Amino acid sequence: MTEPLIFEISSPGRKAVFLPELDVPAAELPAELLREDLSLPEVSEVDLMRHYVHLSQLNHAVDTGFYPLGSCTMKYNPKVNEEAAKLPGFTRTHPYQDHCTVQGDLKLMYELQEYLKEIGGFAGISLQPAAGAHGEFTGILMMRAYHEERGDTRRTKVLIPDSAHGTNPASSAMSGYQVVEIKSDQRGNVNLEALRAYCDDTVVGLMLTNPNTLGLFDEHVLEVSEIVHHCGGLMFGDGANMNSILGIARPGELGIDVMMFNLHKTFSTPHGGGGPGSGPVGASERLAKYLPGPIVVKVERETSNVKRETSNVKRKISNFQPPTSNLQPYHLKMPSASIGRVKAFYGNFGVFIKAYTYIRMLGAAGLRQVSEDAVLAANYLLARLREVYPLPYDRICKHECVLSGHLPQAPDVHTLDIAKRLMDYGFHPPTIYFPLIVPEALMIEPTETESKETLDAFAEAMLRIAEEAQDNPDLLHRAPHTTPVTRLDEVRAARHPRLRWKPV
Amino acid sequence: MSYIPHTDSDRAAMLAEIGVETVADLFLDVPKIVRYPELKLPPPLSEMEILAELRSMSEENADLDHHACFLGAGAYNHFVPSVVGHITGRSEFYTAYTPYQPEISQGTLQAIFEYQSMVCALTGMDVANASHYDGATSLAEAAIMSVNVSRGKRRKIIVSPSVHPEYRATLRTYTPGPDLTISNLQYPISNIQLDADTACLIIQNPDFFGQLLSADSENGLNGLADAVHQAGALLVVVVDPISLGLFTPPGEYGADIVVGEGQPLGNPLNFGGPYLGLFACREKYMRKMPGRLVGETVDTEGRRGFVLTLATREQHIRRERATSNICTNQALCALAAGAYLAAMGKSGLRQVAELCYHKAHYAATQIAAIPGFDLVGDKPFFKEFVVRCPRPPSEINQALLERGIIGGYDLGRDYPHLEDAMLLCVTEMNTKNEIDHLVEVLEEVAL
């Protein structure tokens, strides 16, 4: 089951879009600057639509089935989010419009900033970073700015536990810092002794993912923060795993100075096949002034003094009336010692609308319920699978559990085989071979939106696969059997890169 | 409303299987003194209520369905064919994640492969990646890539002042510390000082002011590319993808890396995001290119299929040795861009570009005829142009707004010598009536 390339269904002269005729006199085109050819496809609208519908049917997605991809929080994406984000009053606004003409946009951003401050326990938020990794990089730059402003330039080391996300070391290195790995202890916490040994006046800070990539809440998190702060370092929090601590703990109260959120994980905005996400950054009192900007500020005024002149433009459907002067409450402003901007404009606004909708619909109690049920589901799967799949850290987990695919009774079978076989049962595999500290890792994050029946079906498939691994390992080695394509030759793709279609 | 399916009996059964009494027993590892903070958030709303609230909030904006718009400056009001939204609205696309498991992600992977192919065709480059966060971050990553191409030996980045101001600001944020220097390109171009420390020269075409750089070999783009290459540096070009429906692609005048904002390709304005960063380069730099890449291969049955490839460049393998931390792309925005390019096709994209060009020139000619307004710049332009105004641009924009028109970008924000000038943008979305209305209001303002 494969679909031809769009170029392969192209035929000269076909069109999918008809534009209006030119209604002004034509100007002279600069002949020397014109291009000769442009090899874009030529297709009809019906063929175009069918092509993409066929492609979409080759995907596994949250809307087609269970997607327990660890660390990615593939929860259900409520459809009201999509409707909200399509409101033309939002989508049809330009980022450089005068503040007084986009008060609705700015208000939504301001309120979202406030909610994230409250949920995370932070003094300030910037919504600008476009993704989690972007937020990490932002956090490192803010830590750098903090130390530089204090003239504390000896600090060059970023401490990163071995249970951290792979982007943490990359983000630090991108900022020119040296990465020092801190080992985990027997219970999967940061090893306090190892940490103390590295903490001195060369430490920029520690990047802590909590709960970490083992799905474990660090039992000594307050001590970790204290040790790092004591040597003058800062605590960066990787907020990728926030889905387990909403209303349970506030990172700001755990000693985190700066943290990125993932709106596309925790706050139910869809992952889009790999983006757009959104990675707002929260900061403590002492780091808030370095946030990237602009951010939205609210200027309190006595509204009775604000007079609006009746406009001579006819009111259309919009409530908008041009104000006579810039007396509106919401404004964009750069934080006082901002690291600058990390992208153009203000962030992924379309994603903000979805996260805002979700937070408003759930409220405080609903958010806490999310985390409680996400943790319940992960521990339930852990309980159902632990007899068969080795469990490297035997503790109550948070939003995800990490098991090993190294089955004693089937030494030839690898985690990859188990993952591929899961597809035949209709499930997206968990995250595999991560975290690196667990051999043959299977990182399973069920989320709160999956029913007990779905969790049971998944557990039964996993247990069945473990039996197959013993009885018929070849079945796993050759899996998947029911997918649109079978295993793909990744070595060939890398050795002989074909990265584009070329006209024959 | 929390989209949770569990009944109380489900929860009880799950707790029993786990072997704990209550859900609270699952959180004993959280220090007691910080456990269960009281979150002060507004009370929950039903779907009906939140939609009503958001609709009302969205109507506090002056949106472009109710206003004529002559504002561009990096985010553009172009037509998005209906079919594009129906393609990106397929939840098999938007509720999937990064295609880590290719056997069940061929839809996303093939769509990216086709997008990469179309971006190559558009820019005249050999290789394009699956996209970055936006045009500005693409540019910053291109500059860092240029330094990496020199194996870190070249530490100077030269940027034209007519590159988008927010792109230059993003570049500065991405390259902190004393290591890398960013210097401004001095015009005229023939006088530039390229040296052995220069990693790249960055230009924008059409530039921030809408002007098209000339192609002639002496002082124009070809000569520029030769000079940059003789110095051993790379030429990075920022493009407006719509302009490439009509004008010479950077691949034909010697660009090594091409970046740009992909929003005009089928993505709504959305108050600044989400957008996508175009990123393409020459084949010889392929392995230095940051970001996701999809490649073609075969499955065990010999059937064509697509995978994420050249992953050895990426953070999840190289960790601290990775040269970029980007770990996703803007997949759904790239899907929209690909669907847009396929929908427009070769003749449609050219037609859009021509409509922009002719309407912008019509508007510019009319405005230049109003006493007090003057066109700035002597080069040909695409869809944007600079006009000096007889009154401060903010006052003019206020007057336009009162007549239902969103005016131009106030250039005094970034360029002190242009504090009496605004950048106007005209696209296929602007009718002759709208342009004539704009001209009328400007005539009144000039009195």
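**Two domains of chain B and their surroundings**

In this predicted model, 24 residues of domain 1 of chain B are in contact with 24 residues of domain 2 of chain B. On the domain 1 side of this contact, the elements that give two or more residues are H10 and E12 of chain B. Helix H10(B) supplies the largest share there, with seven residues. Sorted by class, the domain 1 side has 14 nonpolar, four polar and six charged residues. As for where the two domains run, domain 1 of chain B takes in 68–80 + 345–446, while domain 2 covers 83–340. Their centres, taken over C-alpha atoms, are separated by 28 Å.

A good place to look next is the sheet that H10(B) meets. Four strands of chain B form an open sheet in the order E11-E12-E15-E14, with antiparallel pairing. Strand E11 (374–376) and strand E14 (409–410) stand at the edges; each has a single partner strand, so one side of each is left without a neighbour in the sheet. Three bridges join E11(B) to strand E12 (residues 384–388) of chain B, in the antiparallel sense. Within this pair, Val376(B) stands opposite Val386(B) in E12(B). Helix H10(B) packs on the sheet and touches E11, E12 and E15 of chain B, and its direction makes about 10° with that of E12(B).

One residue of this sheet can be followed in more detail. Leu423(B) belongs to strand E15 (residues 421–425) of chain B. Is Leu423(B) buried or exposed? Leu423(B) has 25 C-beta neighbours inside 10 Å, and a residue is called buried from 20 upwards, so Leu423(B) counts as buried. Leaving aside residues up to four places away in sequence, Leu423(B) touches eight named positions: Ala73(B), Phe209(B), Gly210(B), Glu384(B), Val386(B), Gly408(B), Tyr409(B) and Leu411(B). The C-alpha atoms of Leu423(B) and Ala68(B) are separated by 15 Å, although these residues are 355 residues apart along the chain.

Another antiparallel pair is found elsewhere in chain B. Strand E9 (residues 294–298) and E10(B) pair in the antiparallel sense over five bridges. One match across the pair is that of Gly295(B) with its bridge partner Val307(B) in E10(B). Together E9(B) and E10(B) make a hairpin with five residues between them, and Gly302(B) in the turn has a positive phi of about 85°. Strand E10 (residues 304–308) of chain B is largely enclosed by the rest of the structure, because four of its five residues are buried.

Helix H7 (residues 165–174) of chain B is also mostly covered, with seven of its 10 residues buried. Those buried residues are Glu166(B), Tyr167(B), Arg168(B), Thr170(B), Leu171(B), Thr173(B) and Tyr174(B). Which elements cover them? The cover includes helix H5 (132–149) of chain A, together with helix H6 (135–149), strand E3 (156–159), strand E4 (181–184) and strand E6 (234–239) of chain B.

The contact between the two chains takes 175 residues from chain A and 172 residues from chain B. On the chain B side, helix H10 (residues 331–368) gives the largest share, 23 residues. The residues of that side divide into 86 nonpolar, 51 polar and 35 charged.

Chain A itself contains 14 helices and 12 strands. Along its principal axes, the C-alpha trace of chain A spans about 80 × 65 × 50 Å. For 504 residues, a compact globule would have a radius of gyration near 23 Å, and the 26 Å of chain A agrees with this. Buried residues make up 59% of the 504 residues in chain A. Of the contacts in chain A with a separation of 6 or more, 76% are between residues 24 or more positions apart.

Finally, a few backbone details are worth finding in the model. In chain A, a cis peptide bond with omega of about -5° joins Asn210(A) and Pro211(A), and Pro211(A) lies in the loop between strand E4 (203–209) and helix H8 (221–230) of chain A. In chain B, the peptide bond from Asn205(B) to Pro206(B) is cis, with omega near -5°; Pro206(B) is in the loop between strand E5 (198–204) and helix H8 (221–230) of chain B. Ser268(A), a residue other than glycine, has a positive phi near 65°, and Ser268(A) is buried, with 26 other C-beta atoms within 10 Å. Tyr433(A) has a positive phi near 60°, but is partly exposed, with 17 other C-beta atoms within 10 Å.

Conventions: Residues are numbered from 1 along each chain as its sequence is written. Chains are lettered from A and ligands numbered from 1 in the order in which they are written. This is a predicted model: local features need pLDDT of at least 70, side-chain atom pairs count only at pLDDT 80 or more; totals for chains, interfaces and linings use all residues. The radius of gyration is taken over C-alpha atoms; the globule rule is 2.2 Å times the number of residues to the power 0.38. A residue is buried if 20 or more other C-beta atoms lie within 10 Å of its own, exposed if 12 or fewer, and partly exposed in between; C-beta atoms are placed from the backbone. Two residues are in contact if their C-beta atoms, placed from the backbone, lie within 7 Å. Ala, Val, Leu, Ile, Met, Phe, Trp, Tyr, Cys and Pro count as nonpolar, Asp, Glu, Lys and Arg as charged, and the others, Gly among them, as polar. Two strands pair if DSSP finds at least two bridges between them. Axes are lines fitted to C-alpha atoms, for helices over the stretch in contact, and angles run from 0 to 180 degrees between N-to-C directions. Domain bounds come from an automatic or database domain assignment.
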